[in-house]
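Reader: I am in my first year and should like to learn how to read a model such as this one. Please choose a single part, examine it closely, and then show me how the same way of reading applies elsewhere.

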Amino acid sequence: MSLIVLLFFQSSVLLSFKANMFNSIKAKVITVFSLIMASFTILLLCIFYISERDQLVNLELQKSTEISQLHARSLSQEFEQYVAILKVMKNTYDLQQADSKTILRALNQLLKVGEGDFINAAFVDQNFNLTDISGETRKVAHPLFIHGDMRDHKDYNITVPIHASFTNEPVIVVSVPILNEQKKWQGALAVAVPLTLISEKLSAIKLAKESYAWLSDANGLIVSHPIKEVIMSTSLSTTEDPDFPGFYKIVKQTQSNQNGYGEYYDTKLAEDKIVTFSSIEVLPKWTLFVTTEKSEIFSNIDELLYRIVTISCLLMLFYLFVIAHLANKIAKPISLLTKQVKKAINCPNNEFKMVNAKDEIGQLSEAFYISFKKINAYTSSLEEMVSQRTLEISTKNTQLNEQNSELEKLASIDALTQLYNRRAFMEYVNKELSRAKRHATPVTLAILDIDHFKSINDSYGHNIGDDILQKLAEQLTLNIRHEDVVSRWGGEEFVILMAKTTSQQAYAHLNHIRELISKFDFSLNNNITFSAGMVDYQPGESFESWSHRADQALYKAKASGRNCIVQG
(Lines give C-alpha, C1' and ligand atoms only; values in the text may rest on other atoms or scores of the structure.)
Protein backbone atom coordinates (compact mmCIF):
# COMPACT_ATOMS: atom_id res chain seq x y z
CA MET A 1 0.00 0.00 0.00
CA SER A 2 2.81 2.38 0.93
CA LEU A 3 4.51 1.55 -2.42
CA ILE A 4 1.43 2.73 -4.32
CA VAL A 5 1.31 5.93 -2.24
CA LEU A 6 4.99 6.62 -2.94
CA LEU A 7 4.56 6.12 -6.69
CA PHE A 8 1.53 8.42 -6.67
CA PHE A 9 3.52 11.05 -4.79
CA GLN A 10 6.38 10.64 -7.28
CA SER A 11 4.02 11.34 -10.18
CA SER A 12 2.60 14.39 -8.40
CA VAL A 13 6.09 15.82 -7.96
CA LEU A 14 6.84 15.33 -11.66
CA LEU A 15 3.66 17.18 -12.63
CA SER A 16 4.29 20.00 -10.19
CA PHE A 17 7.72 20.64 -11.67
CA LYS A 18 6.65 20.15 -15.29
CA ALA A 19 7.02 23.78 -16.27
CA ASN A 20 10.59 24.02 -14.99
CA MET A 21 11.83 20.47 -15.69
CA PHE A 22 11.02 20.15 -19.37
CA ASN A 23 12.45 23.46 -20.61
CA SER A 24 15.43 21.65 -22.22
CA ILE A 25 16.30 18.33 -23.89
CA LYS A 26 18.80 17.67 -21.09
CA ALA A 27 16.10 17.95 -18.42
CA LYS A 28 13.80 15.60 -20.36
CA VAL A 29 16.48 12.95 -20.80
CA ILE A 30 17.44 13.03 -17.12
CA THR A 31 13.83 12.85 -15.98
CA VAL A 32 12.91 9.98 -18.30
CA PHE A 33 16.08 8.13 -17.27
CA SER A 34 15.08 8.52 -13.62
CA LEU A 35 11.65 7.05 -14.26
CA ILE A 36 13.14 4.11 -16.18
CA MET A 37 15.62 3.51 -13.37
CA ALA A 38 12.84 3.57 -10.78
CA SER A 39 10.67 1.16 -12.75
CA PHE A 40 13.59 -1.19 -13.40
CA THR A 41 14.56 -1.20 -9.71
CA ILE A 42 11.01 -2.04 -8.59
CA LEU A 43 10.73 -4.78 -11.22
CA LEU A 44 14.09 -6.21 -10.15
CA LEU A 45 12.98 -6.29 -6.51
CA CYS A 46 9.77 -8.10 -7.42
CA ILE A 47 11.70 -10.71 -9.41
CA PHE A 48 14.14 -11.10 -6.54
CA TYR A 49 11.26 -11.54 -4.08
CA ILE A 50 9.59 -14.23 -6.18
CA SER A 51 12.80 -16.13 -6.97
CA GLU A 52 14.45 -15.91 -3.55
CA ARG A 53 11.38 -16.34 -1.33
CA ASP A 54 11.66 -20.14 -1.19
CA GLN A 55 15.40 -19.95 -0.59
CA LEU A 56 14.89 -17.54 2.31
CA VAL A 57 12.21 -19.83 3.75
CA ASN A 58 14.65 -22.75 3.54
CA LEU A 59 17.26 -20.69 5.35
CA GLU A 60 14.78 -19.92 8.10
CA LEU A 61 13.82 -23.60 8.35
CA GLN A 62 17.49 -24.60 8.45
CA LYS A 63 18.05 -22.11 11.24
CA SER A 64 15.06 -23.47 13.18
CA THR A 65 16.34 -27.03 12.65
CA GLU A 66 19.76 -26.05 13.99
CA ILE A 67 18.06 -24.54 17.05
CA SER A 68 16.18 -27.80 17.71
CA GLN A 69 19.45 -29.74 17.26
CA LEU A 70 21.21 -27.42 19.68
CA HIS A 71 18.59 -27.88 22.38
CA ALA A 72 18.42 -31.63 21.73
CA ARG A 73 22.18 -31.81 22.33
CA SER A 74 21.73 -29.73 25.48
CA LEU A 75 19.06 -32.13 26.79
CA SER A 76 21.28 -35.08 25.84
CA GLN A 77 24.16 -33.56 27.80
CA GLU A 78 21.92 -33.29 30.86
CA PHE A 79 21.31 -37.06 30.85
CA GLU A 80 24.97 -37.77 30.05
CA GLN A 81 25.80 -35.85 33.21
CA TYR A 82 23.33 -37.97 35.21
CA VAL A 83 24.96 -41.15 33.86
CA ALA A 84 28.43 -39.82 34.69
CA ILE A 85 27.34 -39.06 38.26
CA LEU A 86 26.00 -42.60 38.66
CA LYS A 87 29.21 -44.14 37.30
CA VAL A 88 31.35 -42.06 39.67
CA MET A 89 29.21 -43.15 42.63
CA LYS A 90 29.32 -46.78 41.48
CA ASN A 91 33.12 -46.65 41.34
CA THR A 92 33.40 -44.77 44.65
CA TYR A 93 31.31 -47.16 46.75
CA ASP A 94 31.60 -50.98 46.66
CA LEU A 95 27.83 -51.42 46.89
CA GLN A 96 27.89 -55.20 46.32
CA GLN A 97 29.63 -55.72 49.66
CA ALA A 98 28.34 -52.60 51.42
CA ASP A 99 26.08 -52.54 54.47
CA SER A 100 22.85 -50.58 54.59
CA LYS A 101 24.50 -47.50 56.11
CA THR A 102 27.04 -47.27 53.30
CA ILE A 103 24.30 -47.72 50.70
CA LEU A 104 22.21 -44.94 52.27
CA ARG A 105 25.26 -42.68 52.43
CA ALA A 106 25.89 -43.29 48.72
CA LEU A 107 22.23 -42.61 47.86
CA ASN A 108 22.20 -39.40 49.92
CA GLN A 109 25.39 -38.31 48.19
CA LEU A 110 23.68 -38.92 44.84
CA LEU A 111 20.80 -36.59 45.75
CA LYS A 112 23.24 -33.97 46.98
CA VAL A 113 25.33 -34.07 43.81
CA GLY A 114 22.17 -33.99 41.69
CA GLU A 115 21.40 -30.49 43.08
CA GLY A 116 17.64 -31.02 43.08
CA ASP A 117 17.36 -32.82 39.71
CA PHE A 118 16.69 -36.21 41.42
CA ILE A 119 13.70 -36.96 43.66
CA ASN A 120 14.87 -40.45 44.64
CA ALA A 121 17.86 -42.77 44.37
CA ALA A 122 17.95 -46.55 44.71
CA PHE A 123 20.24 -49.58 44.74
CA VAL A 124 19.04 -52.96 43.39
CA ASP A 125 21.04 -56.08 44.24
CA GLN A 126 21.26 -59.29 42.21
CA ASN A 127 18.26 -60.73 44.08
CA PHE A 128 16.08 -57.76 43.00
CA ASN A 129 16.03 -56.27 46.51
CA LEU A 130 15.61 -52.51 46.14
CA THR A 131 16.83 -50.00 48.74
CA ASP A 132 15.87 -46.36 48.16
CA ILE A 133 16.70 -43.08 49.91
CA SER A 134 14.14 -43.73 52.67
CA GLY A 135 16.11 -46.81 53.78
CA GLU A 136 13.26 -49.22 53.03
CA THR A 137 14.05 -52.50 51.24
CA ARG A 138 11.54 -54.28 49.02
CA LYS A 139 11.35 -56.58 46.04
CA VAL A 140 11.43 -55.04 42.56
CA ALA A 141 8.21 -55.75 40.70
CA HIS A 142 8.53 -53.45 37.66
CA PRO A 143 8.49 -55.26 34.27
CA LEU A 144 11.66 -53.41 33.16
CA PHE A 145 13.63 -55.48 35.69
CA ILE A 146 11.61 -58.69 35.52
CA HIS A 147 11.86 -58.93 31.71
CA GLY A 148 15.57 -58.09 31.72
CA ASP A 149 15.44 -54.66 29.99
CA MET A 150 17.42 -53.15 32.85
CA ARG A 151 19.82 -56.13 33.00
CA ASP A 152 21.32 -56.10 29.52
CA HIS A 153 24.93 -55.24 28.73
CA LYS A 154 24.43 -51.51 28.14
CA ASP A 155 26.62 -48.97 29.95
CA TYR A 156 23.45 -47.30 31.16
CA ASN A 157 19.68 -47.51 30.88
CA ILE A 158 17.13 -44.71 30.63
CA THR A 159 13.46 -45.59 30.83
CA VAL A 160 10.44 -43.95 29.29
CA PRO A 161 8.35 -42.06 31.87
CA ILE A 162 6.92 -44.50 34.41
CA HIS A 163 4.70 -44.22 37.47
CA ALA A 164 6.64 -45.04 40.65
CA SER A 165 5.30 -45.95 44.08
CA PHE A 166 7.21 -43.19 45.89
CA THR A 167 5.67 -40.22 43.98
CA ASN A 168 2.44 -39.23 42.26
CA GLU A 169 4.14 -37.78 39.19
CA PRO A 170 5.80 -39.74 36.33
CA VAL A 171 9.57 -40.14 36.51
CA ILE A 172 12.39 -41.14 34.19
CA VAL A 173 14.71 -43.72 35.73
CA VAL A 174 18.41 -43.45 34.85
CA SER A 175 20.54 -46.41 35.95
CA VAL A 176 23.97 -47.96 35.50
CA PRO A 177 24.59 -51.72 35.95
CA ILE A 178 26.95 -53.14 38.56
CA LEU A 179 28.93 -56.06 37.12
CA ASN A 180 31.26 -58.61 38.68
CA GLU A 181 34.65 -59.60 37.30
CA GLN A 182 32.96 -61.98 34.84
CA LYS A 183 30.88 -59.04 33.54
CA LYS A 184 27.70 -60.57 34.92
CA TRP A 185 24.91 -58.38 36.25
CA GLN A 186 25.07 -58.02 40.06
CA GLY A 187 22.80 -55.07 40.58
CA ALA A 188 22.10 -51.49 39.53
CA LEU A 189 22.41 -47.95 40.85
CA ALA A 190 19.60 -45.65 39.75
CA VAL A 191 18.10 -42.19 40.19
CA ALA A 192 14.58 -40.92 39.45
CA VAL A 193 14.28 -37.70 37.41
CA PRO A 194 10.82 -36.09 37.62
CA LEU A 195 9.14 -35.51 34.29
CA THR A 196 8.25 -31.98 35.40
CA LEU A 197 11.97 -31.16 35.44
CA ILE A 198 12.20 -31.94 31.71
CA SER A 199 9.19 -29.70 31.08
CA GLU A 200 10.83 -26.88 33.03
CA LYS A 201 14.03 -27.18 31.01
CA LEU A 202 12.08 -27.10 27.74
CA SER A 203 9.99 -24.11 28.84
CA ALA A 204 13.25 -22.25 29.60
CA ILE A 205 14.37 -22.57 25.95
CA LYS A 206 14.30 -19.15 24.29
CA LEU A 207 12.56 -19.40 20.91
CA ALA A 208 10.79 -17.11 18.51
CA LYS A 209 7.65 -15.28 19.61
CA GLU A 210 5.12 -17.85 18.32
CA SER A 211 7.28 -20.99 18.83
CA TYR A 212 7.34 -23.67 21.51
CA ALA A 213 9.32 -26.87 22.18
CA TRP A 214 7.88 -30.24 23.12
CA LEU A 215 9.11 -33.83 23.55
CA SER A 216 8.05 -37.41 22.74
CA ASP A 217 9.55 -40.61 24.16
CA ALA A 218 10.64 -43.85 22.47
CA ASN A 219 7.01 -45.06 22.32
CA GLY A 220 5.82 -41.87 20.63
CA LEU A 221 4.07 -40.70 23.82
CA ILE A 222 4.10 -36.93 24.34
CA VAL A 223 5.92 -36.39 27.66
CA SER A 224 6.34 -32.61 27.59
CA HIS A 225 4.14 -29.99 25.93
CA PRO A 226 2.82 -26.47 26.70
CA ILE A 227 -0.70 -27.98 26.61
CA LYS A 228 -0.70 -30.02 29.83
CA GLU A 229 -3.75 -32.08 28.83
CA VAL A 230 -1.81 -33.95 26.13
CA ILE A 231 1.13 -34.90 28.39
CA MET A 232 1.25 -38.67 29.07
CA SER A 233 -2.12 -39.07 27.34
CA THR A 234 -1.48 -38.50 23.62
CA SER A 235 0.74 -40.53 21.28
CA LEU A 236 2.11 -39.60 17.87
CA SER A 237 0.40 -41.37 14.99
CA THR A 238 1.56 -42.27 11.48
CA THR A 239 -2.01 -42.07 10.18
CA GLU A 240 -3.83 -38.95 9.04
CA ASP A 241 -5.55 -36.93 11.79
CA PRO A 242 -8.45 -34.72 10.58
CA ASP A 243 -7.58 -32.09 13.19
CA PHE A 244 -3.92 -31.90 12.07
CA PRO A 245 -3.74 -32.82 8.35
CA GLY A 246 -0.17 -33.46 7.22
CA PHE A 247 1.34 -34.02 10.68
CA TYR A 248 1.54 -37.80 10.21
CA LYS A 249 4.17 -37.22 7.48
CA ILE A 250 6.41 -35.48 10.03
CA VAL A 251 5.97 -38.42 12.42
CA LYS A 252 7.08 -40.80 9.64
CA GLN A 253 10.18 -38.64 9.06
CA THR A 254 11.21 -39.00 12.72
CA GLN A 255 11.27 -42.79 12.29
CA SER A 256 13.91 -42.64 9.54
CA ASN A 257 15.73 -39.30 10.00
CA GLN A 258 17.67 -37.85 12.91
CA ASN A 259 16.73 -34.27 11.99
CA GLY A 260 14.23 -32.64 9.66
CA TYR A 261 11.18 -30.44 9.30
CA GLY A 262 7.72 -30.38 7.81
CA GLU A 263 4.45 -28.49 7.93
CA TYR A 264 0.82 -29.21 8.74
CA TYR A 265 -2.46 -27.36 9.24
CA ASP A 266 -4.00 -26.94 12.68
CA THR A 267 -7.76 -26.93 12.06
CA LYS A 268 -8.54 -26.03 15.68
CA LEU A 269 -6.55 -22.79 15.47
CA ALA A 270 -6.92 -22.36 11.68
CA GLU A 271 -3.16 -21.89 11.32
CA ASP A 272 -0.37 -23.35 9.20
CA LYS A 273 2.42 -24.70 11.41
CA ILE A 274 6.08 -25.47 10.68
CA VAL A 275 7.68 -28.24 12.79
CA THR A 276 11.40 -28.94 13.05
CA PHE A 277 12.64 -31.98 14.94
CA SER A 278 15.86 -33.53 16.20
CA SER A 279 16.52 -36.85 17.91
CA ILE A 280 18.24 -36.96 21.30
CA GLU A 281 21.43 -39.01 21.19
CA VAL A 282 21.43 -40.29 24.77
CA LEU A 283 17.68 -41.03 24.66
CA PRO A 284 17.18 -43.42 21.71
CA LYS A 285 14.02 -42.76 19.69
CA TRP A 286 13.17 -39.69 21.82
CA THR A 287 12.48 -36.64 19.69
CA LEU A 288 12.56 -32.90 20.43
CA PHE A 289 10.09 -30.86 18.34
CA VAL A 290 9.95 -27.09 17.80
CA THR A 291 6.60 -25.83 16.44
CA THR A 292 6.36 -22.39 14.83
CA GLU A 293 3.53 -20.56 13.11
CA LYS A 294 4.25 -20.43 9.38
CA SER A 295 3.18 -16.80 9.31
CA GLU A 296 5.90 -16.01 11.85
CA ILE A 297 8.61 -17.31 9.48
CA PHE A 298 7.21 -15.39 6.51
CA SER A 299 6.69 -12.22 8.54
CA ASN A 300 10.44 -11.71 8.92
CA ILE A 301 10.98 -12.20 5.18
CA ASP A 302 8.06 -9.98 4.18
CA GLU A 303 9.12 -7.29 6.63
CA LEU A 304 12.68 -7.27 5.29
CA LEU A 305 11.55 -7.07 1.69
CA TYR A 306 9.00 -4.40 2.57
CA ARG A 307 11.74 -2.29 4.11
CA ILE A 308 13.96 -2.74 1.06
CA VAL A 309 11.17 -1.67 -1.28
CA THR A 310 10.21 1.28 0.90
CA ILE A 311 13.78 2.53 1.26
CA SER A 312 14.39 2.06 -2.46
CA CYS A 313 11.30 4.09 -3.33
CA LEU A 314 12.29 6.84 -0.94
CA LEU A 315 15.78 6.94 -2.41
CA MET A 316 14.42 7.02 -5.96
CA LEU A 317 12.05 9.82 -5.02
CA PHE A 318 14.93 11.73 -3.44
CA TYR A 319 17.18 11.29 -6.49
CA LEU A 320 14.35 12.26 -8.82
CA PHE A 321 13.82 15.43 -6.83
CA VAL A 322 17.55 16.25 -6.92
CA ILE A 323 17.85 15.47 -10.65
CA ALA A 324 14.79 17.61 -11.42
CA HIS A 325 16.41 20.63 -9.81
CA LEU A 326 19.92 20.00 -11.10
CA ALA A 327 18.74 19.48 -14.68
CA ASN A 328 18.36 23.23 -15.35
CA LYS A 329 20.70 24.76 -12.73
CA ILE A 330 23.47 22.23 -12.09
CA ALA A 331 26.25 24.77 -11.74
CA LYS A 332 24.66 27.11 -9.25
CA PRO A 333 23.77 24.50 -6.56
CA ILE A 334 27.27 23.01 -6.69
CA SER A 335 28.81 26.47 -6.32
CA LEU A 336 26.60 27.25 -3.35
CA LEU A 337 27.38 23.86 -1.76
CA THR A 338 31.11 24.51 -2.14
CA LYS A 339 30.90 27.89 -0.45
CA GLN A 340 28.85 26.48 2.45
CA VAL A 341 31.32 23.64 2.99
CA LYS A 342 34.27 26.09 3.01
CA LYS A 343 32.58 28.25 5.59
CA ALA A 344 31.81 25.28 7.84
CA ILE A 345 35.18 23.52 7.67
CA ASN A 346 37.92 26.08 6.84
CA CYS A 347 40.83 23.57 6.82
CA PRO A 348 43.80 23.30 4.39
CA ASN A 349 43.94 20.33 1.99
CA ASN A 350 46.72 17.80 2.31
CA GLU A 351 46.65 14.12 1.23
CA PHE A 352 43.29 13.95 -0.54
CA LYS A 353 43.65 13.69 -4.32
CA MET A 354 41.32 16.25 -5.69
CA VAL A 355 39.73 16.21 -9.13
CA ASN A 356 41.88 18.28 -11.51
CA ALA A 357 39.22 20.70 -12.59
CA LYS A 358 38.91 24.49 -12.45
CA ASP A 359 35.13 24.61 -12.33
CA GLU A 360 32.57 24.01 -9.57
CA ILE A 361 33.38 20.25 -9.49
CA GLY A 362 36.94 21.08 -8.44
CA GLN A 363 35.70 23.31 -5.64
CA LEU A 364 33.34 20.53 -4.46
CA SER A 365 36.26 18.08 -4.47
CA GLU A 366 38.30 20.45 -2.32
CA ALA A 367 35.40 20.81 0.14
CA PHE A 368 35.07 17.00 0.43
CA TYR A 369 38.80 16.72 1.07
CA ILE A 370 38.57 19.16 3.95
CA SER A 371 35.54 17.33 5.39
CA PHE A 372 37.23 13.95 5.24
CA LYS A 373 40.32 15.27 6.95
CA LYS A 374 38.30 16.73 9.78
CA ILE A 375 36.23 13.59 10.19
CA ASN A 376 39.28 11.30 10.14
CA ALA A 377 41.10 13.40 12.72
CA TYR A 378 38.09 13.47 15.01
CA THR A 379 37.50 9.74 14.59
CA SER A 380 41.12 8.90 15.49
CA SER A 381 40.98 11.11 18.55
CA LEU A 382 37.67 9.60 19.65
CA GLU A 383 38.92 6.01 19.21
CA GLU A 384 42.04 6.76 21.22
CA MET A 385 39.94 8.30 23.99
CA VAL A 386 37.54 5.34 24.06
CA SER A 387 40.45 2.88 24.17
CA GLN A 388 42.05 4.75 27.06
CA ARG A 389 38.78 4.94 29.02
CA THR A 390 38.12 1.24 28.39
CA LEU A 391 41.55 0.32 29.75
CA GLU A 392 41.00 2.46 32.85
CA ILE A 393 37.59 0.90 33.50
CA SER A 394 38.99 -2.62 33.04
CA THR A 395 41.78 -1.90 35.52
CA LYS A 396 39.32 -0.49 38.04
CA ASN A 397 37.02 -3.49 37.65
CA THR A 398 39.91 -5.90 38.24
CA GLN A 399 40.90 -4.06 41.40
CA LEU A 400 37.29 -3.96 42.57
CA ASN A 401 36.86 -7.72 42.01
CA GLU A 402 40.03 -8.46 43.99
CA GLN A 403 38.87 -6.24 46.84
CA ASN A 404 35.41 -7.85 46.83
CA SER A 405 36.96 -11.34 47.02
CA GLU A 406 39.12 -10.30 49.95
CA LEU A 407 36.17 -8.65 51.72
CA GLU A 408 34.03 -11.75 51.19
CA LYS A 409 36.75 -13.89 52.79
CA LEU A 410 37.13 -11.49 55.72
CA ALA A 411 33.36 -11.46 56.19
CA SER A 412 33.05 -15.25 56.47
CA ILE A 413 36.35 -16.53 58.03
CA ASP A 414 37.53 -16.03 61.59
CA ALA A 415 40.97 -14.41 61.34
CA LEU A 416 42.54 -16.30 64.26
CA THR A 417 41.31 -19.87 63.77
CA GLN A 418 40.55 -19.77 60.00
CA LEU A 419 37.17 -21.35 60.79
CA TYR A 420 33.77 -20.06 59.68
CA ASN A 421 32.69 -17.08 61.75
CA ARG A 422 29.19 -16.71 63.19
CA ARG A 423 27.80 -14.99 60.09
CA ALA A 424 29.00 -17.69 57.66
CA PHE A 425 27.91 -20.43 60.07
CA MET A 426 24.37 -19.02 60.24
CA GLU A 427 24.10 -19.08 56.43
CA TYR A 428 25.12 -22.75 56.44
CA VAL A 429 22.65 -23.51 59.28
CA ASN A 430 19.75 -22.01 57.32
CA LYS A 431 20.59 -24.13 54.24
CA GLU A 432 21.02 -27.30 56.30
CA LEU A 433 17.75 -26.78 58.18
CA SER A 434 15.90 -26.29 54.88
CA ARG A 435 17.41 -29.53 53.57
CA ALA A 436 16.53 -31.34 56.81
CA LYS A 437 12.91 -30.16 56.61
CA ARG A 438 12.59 -31.34 52.99
CA HIS A 439 14.10 -34.77 53.55
CA ALA A 440 13.18 -35.28 57.25
CA THR A 441 16.80 -35.94 58.24
CA PRO A 442 18.12 -35.37 61.79
CA VAL A 443 20.44 -32.46 62.64
CA THR A 444 22.44 -32.04 65.89
CA LEU A 445 23.96 -28.81 67.27
CA ALA A 446 26.88 -28.92 69.73
CA ILE A 447 28.41 -25.96 71.63
CA LEU A 448 31.94 -26.45 73.01
CA ASP A 449 33.71 -24.35 75.62
CA ILE A 450 37.39 -24.75 76.64
CA ASP A 451 37.65 -25.54 80.35
CA HIS A 452 39.48 -23.00 82.54
CA PHE A 453 40.48 -20.93 79.52
CA LYS A 454 40.54 -17.70 81.51
CA SER A 455 43.11 -19.11 83.93
CA ILE A 456 45.24 -20.17 80.94
CA ASN A 457 45.21 -16.62 79.61
CA ASP A 458 46.02 -15.26 83.08
CA SER A 459 48.86 -17.75 83.64
CA TYR A 460 50.48 -17.93 80.23
CA GLY A 461 49.32 -14.81 78.44
CA HIS A 462 46.98 -14.14 75.55
CA ASN A 463 49.49 -15.24 72.90
CA ILE A 464 49.52 -18.76 74.36
CA GLY A 465 45.72 -18.61 74.62
CA ASP A 466 45.49 -17.70 70.92
CA ASP A 467 47.86 -20.56 70.07
CA ILE A 468 45.62 -23.01 71.97
CA LEU A 469 42.55 -21.73 70.10
CA GLN A 470 44.34 -22.27 66.77
CA LYS A 471 45.50 -25.79 67.65
CA LEU A 472 42.07 -26.77 68.96
CA ALA A 473 40.50 -25.45 65.73
CA GLU A 474 42.94 -27.57 63.70
CA GLN A 475 42.12 -30.71 65.73
CA LEU A 476 38.38 -30.15 65.40
CA THR A 477 38.71 -29.66 61.64
CA LEU A 478 40.79 -32.83 61.27
CA ASN A 479 38.45 -35.04 63.32
CA ILE A 480 34.92 -34.01 62.35
CA ARG A 481 33.10 -35.79 59.54
CA HIS A 482 33.26 -34.28 56.08
CA GLU A 483 29.53 -33.44 56.20
CA ASP A 484 29.88 -31.61 59.57
CA VAL A 485 30.71 -27.91 59.95
CA VAL A 486 32.68 -26.33 62.80
CA SER A 487 32.75 -22.60 63.58
CA ARG A 488 34.19 -20.28 66.16
CA TRP A 489 31.19 -18.96 68.05
CA GLY A 490 33.03 -16.39 70.15
CA GLY A 491 35.88 -16.28 72.66
CA GLU A 492 36.74 -19.86 73.62
CA GLU A 493 33.38 -21.22 72.36
CA PHE A 494 33.00 -23.33 69.21
CA VAL A 495 29.91 -24.79 67.56
CA ILE A 496 29.57 -27.94 65.44
CA LEU A 497 26.61 -28.71 63.17
CA MET A 498 26.27 -32.46 62.62
CA ALA A 499 23.83 -33.41 59.83
CA LYS A 500 22.30 -36.71 58.73
CA THR A 501 23.17 -38.55 61.94
CA THR A 502 21.29 -39.81 65.00
CA SER A 503 21.84 -38.27 68.42
CA GLN A 504 23.60 -41.45 69.62
CA GLN A 505 26.01 -41.40 66.70
CA ALA A 506 26.64 -37.68 67.13
CA TYR A 507 27.32 -38.14 70.85
CA ALA A 508 29.73 -41.03 70.24
CA HIS A 509 31.66 -39.08 67.62
CA LEU A 510 31.86 -35.89 69.70
CA ASN A 511 32.93 -37.86 72.77
CA HIS A 512 35.68 -39.45 70.69
CA ILE A 513 36.90 -35.97 69.72
CA ARG A 514 36.79 -34.91 73.38
CA GLU A 515 39.04 -37.82 74.35
CA LEU A 516 41.49 -37.00 71.54
CA ILE A 517 41.69 -33.36 72.62
CA SER A 518 42.24 -34.28 76.27
CA LYS A 519 45.29 -36.34 75.22
CA PHE A 520 46.66 -33.88 72.68
CA ASP A 521 49.95 -32.16 73.51
CA PHE A 522 49.31 -28.42 73.66
CA SER A 523 52.85 -27.83 75.07
CA LEU A 524 51.49 -26.85 78.50
CA ASN A 525 51.95 -28.38 81.92
CA ASN A 526 48.33 -29.42 82.04
CA ASN A 527 46.13 -31.03 79.38
CA ILE A 528 43.43 -28.97 77.65
CA THR A 529 39.84 -30.19 77.90
CA PHE A 530 36.46 -28.91 76.84
CA SER A 531 32.86 -29.23 77.93
CA ALA A 532 30.01 -29.47 75.47
CA GLY A 533 26.25 -29.40 75.25
CA MET A 534 24.48 -30.98 72.30
CA VAL A 535 20.82 -31.08 71.27
CA ASP A 536 18.82 -32.43 68.31
CA TYR A 537 16.76 -30.09 66.16
CA GLN A 538 13.02 -30.19 66.84
CA PRO A 539 10.66 -29.58 63.86
CA GLY A 540 9.37 -26.01 63.75
CA GLU A 541 11.95 -24.81 66.29
CA SER A 542 13.73 -21.48 65.78
CA PHE A 543 17.52 -21.35 65.83
CA GLU A 544 17.44 -19.10 68.91
CA SER A 545 15.48 -21.73 70.85
CA TRP A 546 17.68 -24.52 69.51
CA SER A 547 20.96 -22.81 70.46
CA HIS A 548 19.53 -21.81 73.85
CA ARG A 549 18.87 -25.47 74.64
CA ALA A 550 22.44 -26.29 73.61
CA ASP A 551 23.71 -23.53 75.94
CA GLN A 552 21.70 -24.97 78.81
CA ALA A 553 23.22 -28.40 78.17
CA LEU A 554 26.68 -26.78 78.13
CA TYR A 555 26.01 -25.16 81.53
CA LYS A 556 25.05 -28.56 82.90
CA ALA A 557 28.31 -30.01 81.56
CA LYS A 558 30.27 -27.24 83.30
CA ALA A 559 28.35 -27.83 86.50
CA SER A 560 29.02 -31.58 86.27
CA GLY A 561 32.74 -31.15 86.63
CA ARG A 562 33.72 -30.16 83.06
CA ASN A 563 35.49 -32.33 80.45
CA CYS A 564 32.18 -33.99 79.58
CA ILE A 565 29.25 -33.80 77.15
CA VAL A 566 25.62 -33.33 78.15
CA GLN A 567 22.75 -34.08 75.80
CA GLY A 568 19.80 -31.77 76.04
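Author: A helix is here a DSSP run of type H or I with at least four residues, and helices are numbered from the N terminus. Please bear in mind throughout that this is a predicted model.

By that numbering, Tyr 378 is found in helix 10, which covers residues 360–412. The relative accessible area of Tyr 378 is 59%, so this residue counts as exposed, the cut-off being over 50%. Tyr 378 also belongs to a nonpolar patch on the surface, where Leu 382, Met 385 and Val 386 are the other members. The area of this patch is about 410 Å².

The part I propose to examine closely is a sheet. Five strands make up this open sheet, and their order is 8-7-11-10-9. The pairing in the sheet is antiparallel. At its edges stand strand 8, residues 222–224, and strand 9, residues 259–266. Each of these two has a single partner strand, and therefore one side of each is left without a neighbour in the sheet. On average, neighbouring strands of the sheet are turned by 35° against each other, if direction is ignored.

Let us now follow strand 9 and its partner. Strand 9 pairs with strand 10, residues 271–279, in the antiparallel sense, and eight bridges join the two. Within this region, Glu 263 stands opposite Ile 274, a residue of strand 10.

Charged side chains deserve attention here as well. Side chains of opposite charge can pair when their charged atoms come close. Lys 273 and Asp 266 meet through their side chains in a salt bridge, with 3.7 Å from N to O. Are these two partners buried or exposed? Lys 273 has a relative accessibility of 4% and so counts as buried. Asp 266 is also buried, at a relative accessible area of 6%.

Elsewhere, the same reading can be applied to other charged pairs. The structure holds 13 salt bridges. One of them links Asp 132 to Arg 138, whose closest N and O atoms are 3.5 Å apart. Asp 132 is buried, with a relative accessible area of 4%, whereas Arg 138 counts as partly exposed at 30%. In another salt bridge, Arg 549 is joined to Glu 541, and the closest N and O atoms are 2.8 Å apart. Arg 549 is partly exposed at 25% relative accessibility, while Glu 541 is buried at 13%. Returning to the sheet region, salt bridges with shared partners join Asp 266, Glu 271 and Lys 273 into one network.

Burial can also be read along a helix. In helix 7, residues 247–256, the buried residues are Phe 247, Tyr 248, Ile 250, Val 251 and Thr 254. Around the axis these residues cover an arc of only 155°, which means that they lie on the same side of helix 7. Lys 249 and Ser 256 are exposed on the other side of helix 7.

Helix 6, residues 195–203, may be read likewise. Its buried residues are Leu 195, Leu 197, Ile 198 and Leu 202. Viewed down the axis of helix 6, these buried residues fall within an arc of 155°, and so they line one face of the helix.

Terms used: Residues numbered from 1 in each chain as written. Predicted model: local features only at pLDDT ≥ 70, side-chain atom pairs only at ≥ 80, totals over all residues. Heavy atoms only, no water. Patch = residues over 30% accessible without salt bridge, like charges linked within 9 Å, V, L, I, M, F, W, Y side chains within 5 Å. Areas by Shrake-Rupley, 256 points an atom, 1.4 Å probe, with all protein chains shown as cover. Salt bridge = Lys/Arg side-chain N within 4 Å of Asp/Glu carboxyl O. Buried < 20%, exposed > 50% of the residue type's maximum accessible area, 1.4 Å probe, protein only. Arc of directions from axis to C-beta. Pairing = 2+ DSSP bridges. Axes fitted to C-alpha atoms, helices over the stretch in contact; angles between N-to-C directions.
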